[in-house]
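Here's a short tour for anyone meeting this structure from scratch. Have a look at the sequence and the model, then read on.

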Amino acid sequence: MDPRKINDSTELKRKTEHGLSTHFDDHLSYVLTPALWSYEREAIDSGGLAEIRSAEFFSAALMNTVPEGYTFKGFPLHFMHSSSKRAFSAISNSSIGREIIECRGDNVTLAVRAITTCYPENVFVTWVMVACTFRQLG
């Protein structure tokens with residue numbers, strides 16, 4: 001799955017449907033990676049110390065990445081395919097995904113990260129997270 005295609009679709013939707021400018025933060029996208037791996041490990045191992053540590057590391061990374069006074073919203077999704085188009089459709093059709101894509105505020109920054117894991121017999125599992133940071137208006 002190519003997250004850039006999701007970025008392009010997000011940018012187009014924000015501009016054409018809502019008249020909003022779009023800024024993607026590559027560093028924030030990178031920070032989302034441990035959370036996605038943690039979700040996949042939790043799905044396999046049913047939780048445990050490794051997932052707790054991953055959550056702690058993710059939380060610490062967010063605290064060092066999201067500016068003070070800003071809000072972070074993130075939405076992970078799980079797919080059994082690697083189609084960027086289908087993934088964006090699923091994100092757009094969910095209320096939380098739409099809330100992130102259509103986020104309004106001061107200095108809105110978006111991020112997208114995807115990981116794909118291959119299992120035996122060509123089974124692919126893809127996790128995608130869309131996220132935003134922003135400062136509340138008013």
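## The sheet

Start with the open sheet in this predicted model. It has 3 strands in the order S1-S3-S2, and their pairing is antiparallel. Strand S1 (71-79) and strand S2 (106-119) sit at the edges, each pairing on one side only. On average, neighbouring strands here are turned by 15 degrees against each other, direction ignored.

Now zoom in on S2 and strand S3 (residues 123-135): they run antiparallel and are joined by 12 bridges. To pick out one partnership, Thr-109 is bridged to Thr-133 in S3.

## A helix across the strands

Helix H3 (residues 33-45) lies across S1, S2 and S3. Against S2, helix H3 runs at about 40 degrees.

## The two sides of H5

Helix H5 covers residues 84-93, and its buried residues are Ser-84, Ala-87, Phe-88, Ile-91 and Ser-92. They span an arc of only 135 degrees around the axis, so they end up on the same side of H5.

What does the face of H5 turned away from its buried side carry? There you'll find the exposed residues Lys-85, Arg-86 and Asn-93.

## Two cysteines, no disulfide

Searching the whole structure turns up 0 disulfides. For Cys-103, the nearest cysteine sulfur is that of Cys-132, 3.8 Å away. A disulfide needs the sulfur atoms within 2.5 Å, so a pair beyond that cut-off doesn't count.

Are these cysteines buried or exposed? Cys-103 counts as buried at 5% relative accessibility, and Cys-132 counts as buried at 0%.

Notes: Residues numbered from 1 in each chain as written. Predicted model: local features only at pLDDT ≥ 70, side-chain atom pairs only at ≥ 80, totals over all residues. Heavy atoms only, no water. Buried < 20%, exposed > 50% of the residue type's maximum accessible area, 1.4 Å probe, protein only. Helix = DSSP H or I, 4+ residues; strand = E, 2+ residues; numbered from the N terminus. Arc of directions from axis to C-beta. Pairing = 2+ DSSP bridges. Axes fitted to C-alpha atoms, helices over the stretch in contact; angles between N-to-C directions. Contact = heavy atoms within 4.5 Å.
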